[in-house]
Amino acid sequence: MNKKNKMKVLLSCLLTTGLMLTACGGDDANDNGGGTSGGGGATTALNVTTPVVSAITANTAVVSATATGSAITSRGVCYGTAANPDINGTKQTATSSNMTVTLAGLKAQTTYHVRAYVQTSSEVKYSEDVTFTTAAETSSSLDTWKAPTYVDDYRSMSAWSQRAQWNLANVHDPTVMKADDGYYYMYQTDASYGNEHAKGGHFHARRSIDLVNWEYLGGTMTSTPSWVLTKMNEIRAKQGLPNVTNPQYGYWAPCARKVKNGLYRMYYCVVVDNYLKSGKPTSEAFDGSWTERAYIGLMETSDPATNKWEDKGYVICSSSDKGKDGWSRPAADNWEGYFYFNAIDPTFVITPNGEHWLIYGSWHSGFAAVQLNPETGKTMKELGDPWATSPQGLADNGYGKRIWTRTNGSRWQGSEAPEVVYHDGYYYLFMAYDGLLVPYNTRIARSATIDGTYQSMGNDATVLTHPYKFSGSQGWVGISHCAVFEDGSGNWYYASQQRFPTTAGGNAPNAVMLGGVRSIKWLSNGWPVVMPERYAAVPDVAITADEIAGTWEHIDLGYQYGVMKESSTMTFAADGSITDGIWKGGKWSFNAGTNTLTANGVELKVQRECDWEANPRKHTIVYAGINGEKSYWGKKK
């Protein structure tokens with residue numbers, strides 16, 4: 001749009017709980033209260049009033065407006081920290097002409113812009129731009145904060161009939177996106193304690209307005225799309241292999257993203273547990289071949305609240321650099337894999353310049369990057385046969401370029417679940433290392449370009465999460481295969497499964513899969529850290545140096561395969577010295593403006609979080625930092 005400089009009229013000024021609220025005109029003739037956007041010009045008499053903001057707290061605000069007209073397809077409010085927010089950014093929809101919505105998850109002491117809007121199929125009309133500033137958190141906010149009450153050990157309510165109580169129970173390989181209606185939507189691999197999920201379809205969904213309380217929505221797919229069997233037998237015919245008539249399917253690791261206003265895409269995985277040679281299920285006798293390839297498909301929806309998705313079919317499948325016939329396997333314990341790229345664990349990225357990319361892969365030879373057509377969501381390049389005699393041949397056939405491998409030359413390596421996000425000039429690759437049940441840990445690397453080269457801080461990728469144990473708890477293992485997402489206001493989060501260790505007692509404790517959402521903070525060098533305690537919407541009351549002084553539990557997350565890293569005591573004296581713990585003799589200082597604690601030369605981000613190990617649960621202060629290939633976690637006692 002062409003911007004026009006205009007004198008604006010101050011419409012209103014009111015004081016709400018000591019905060020300034022002003023209404024300011026838009027800065028474009030087609031982007032203010034009297035303008036329209038969209039093709040074809042105005043065809044209906046639309047009207048939207050200037051929003052009124054009330055009940056402003058540190059993290060929430062109530063916005064009221066009225067939108068009227070005929071043929072309305074959507075109405076609501078859009079908001080953000082930049083002037084004139086629009087429907088392509090963060091918004092919250094309303095269902096009636098008298099709109100009243102509550103904005104949640106706001107940052108304390110932050111100025112927000114908000115506009116009401118009304119939309120038809122041909123135009124969007126916006127209200128005036130109104131600003132408001134959230135309150136500062138106070139100590140009284142901590143006094144009134146209530147810790148989450150849901151139980152971590154959900155085995156007593158794991159039945160399908162009790163799914164309304166699950167909250168974050170039975171979460172495995174989550175993906176999370178924030179939608180236009182203000183909700184966060186989570187989808188996942190088909191997995192649950194006792195396989196109760198099997199009673200309700202595939203790629204199960206839940207949603208939350210605050211990242212703490214989650215509503216279970218059920219499966220997004222009722223049956224396996226027919227294209228999977230068709231495509232599989234089409235490929236098998238080219239290989240001279242018999243048709244498979246009744247394949248054994250698995251449903252793994254979706255990735256859901258908002259593409260644009262009114263369009264959401266979910267890339268999902270269907271694996272086939274049948275042998276290549278005979279087509280028989282892998283539950284039968286080993287037939288001297290590798291198992292069938294995996295497939296990535298695509299679903300779309302215009303409104304995730306309906307939990308209704310339209311399948312768009314095949315995207316890509318597992319591919320081999322060993323040619324059409326190189327699928328033989330001398331023994332079931334031979335790991336010289338037939339596939340070079342394994343078509344599972346997709347992550348979908350839209351670059352700042354509008355390119356769409358799919359990153360995928362696990363275990364075999366590493367992760368692949370392939371560019372997508374933004375209009376269709378399918379590969380930009382038409383796919384050839386899913387085999388070649390070299391990695392370059394696979395790239396030529398459209399299956400992508402390898403961007404990360406854990407071990408050069410290895411055909412079978414413990415790395416999976418790539419999750420790529422863009423932040424401040426870099427693409428950050430979060431990934432899972434090692435086996436699922438106990439050793440699972442999260443690593444990080446980054447690149448200035450989407451297709452690499454990705455580099456770590458040390459000789460190996462830095463550990464962000466690791467099996468761990470604070471005192472007074474059984475600890476957690478299996479913490480990885482993460483979703484990384486932002487809330488539209490600059491707050492970043494990490495969501496993953498976490499499991500009880502085998503020593504936790506009761507029936508099958510390691511099959512307890514609880515979802516864990518944690519805050520991400522960014523260090524001054526640009527790298528992210530994952531906070532040690534789960535997010536619980538603890539008020540962001542300013543932390544002082546006096547609160548840092550005292551006794552902490554400190555965990556060194558240096559990598560040890562299959563080992564739970566346990567906490568030890570660390571004491572920060574009021575005079576800035578460290579008097580106990582592994583950093584004894586060092587110094588510490590605290591920058592309250594950036595919530596940065598520097599201890600023994602290590603930069604640590606500090607935040608208020610819930611002490612989940614305390615009984616009853618209470619708020620506390622935690623820290624996280626990185627030193628080369630490992631992270632440090634801490635919690636104030």
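## A walk from arginine 207 outward

The side chains of arginine 207 and tyrosine 185 are joined by a polar contact of 3.2 Å. That contact is our way into this structure, which is a predicted model.

Where does arginine 207 lie? It belongs to strand S14, which covers residues 202-208. Its relative accessibility is 17%. Buried means under 20%, so arginine 207 counts as buried. The rest of the strand fits that picture: seven of the seven residues of S14 are buried. Arginine 207 also has many neighbours beyond the four places on either side in sequence. Among them are Asp181, Tyr183, Tyr184 and Tyr185. Asn213, Trp214, Glu215 and Leu217 touch arginine 207 as well, and so does Ala305.

Next, look at the partners of S14. Strand S13, residues 184-187, pairs with S14 in the antiparallel sense. Four bridges hold this pairing. One of the matched pairs is tyrosine 184 with serine 208, the latter in S14. Strand S15, residues 215-221, also pairs with S14, again antiparallel, over five bridges. Here histidine 202 has methionine 221 of S15 as its bridge partner. In general, strands of a sheet pair through backbone hydrogen bonds, either parallel or antiparallel.

How many residues lie between S14 and S15 in their hairpin? There are six. Leucine 211 sits in that turn, with a positive phi of about 70°.

Move on along the chain to helix H2, residues 226-238. This helix has 13 residues. From its first C-alpha to its last it reaches 19 Å, close to the 18 Å expected at 1.5 Å a residue. Which residues of H2 are buried? They are Trp227, Val228, Lys231, Met232, Asn233, Ile235 and Arg236. These buried residues pack against four strands: S16 (249-260), S17 (263-272), S18 (295-301) and S19 (310-317). Just after the helix comes glycine 240, which takes a positive phi of about 75°.

Now turn to the cysteines. A disulfide is a covalent bond between the sulfur atoms of two cysteines. How many disulfides does the count give? It comes to zero. The cut-off for a disulfide is a pair of cysteine sulfur atoms within 2.5 Å. Take cysteine 255: its closest cysteine sulfur is in cysteine 269, 9.4 Å away, so a bond is ruled out because the gap is too far. Cysteine 255 is buried, with a relative accessible area of 1%. Why does cysteine 317 form no bond with cysteine 269? Cysteine 269 holds the closest cysteine sulfur to that of cysteine 317, but the two sulfurs are 12 Å apart, too far for a bond. Cysteine 317 is buried too, with a relative accessible area of 0%.

The last stop is a sheet further along the chain. Four strands form an open sheet in the order S29-S30-S31-S32, with antiparallel pairing. Which strands are at the edges? They are S29 (483-486) and S32 (528-530), and each pairs on one side only. On average, neighbouring strands of this sheet are turned by 30° against each other, direction ignored. At one edge, S29 meets strand S30, residues 492-499. Four bridges join these two antiparallel strands. Phenylalanine 485 stands opposite tyrosine 493 in S30.

Conventions: Residues numbered from 1 in each chain as written. Predicted model: local features only at pLDDT ≥ 70, side-chain atom pairs only at ≥ 80, totals over all residues. Heavy atoms only, no water. Buried < 20%, exposed > 50% of the residue type's maximum accessible area, 1.4 Å probe, protein only. Polar contact = N/O pair within 3.5 Å; in protein donor to acceptor, adjacent residues only side chain to side chain. Contact = heavy atoms within 4.5 Å. Pairing = 2+ DSSP bridges. Axes fitted to C-alpha atoms, helices over the stretch in contact; angles between N-to-C directions. Expected span 1.5 Å × (residues − 1).
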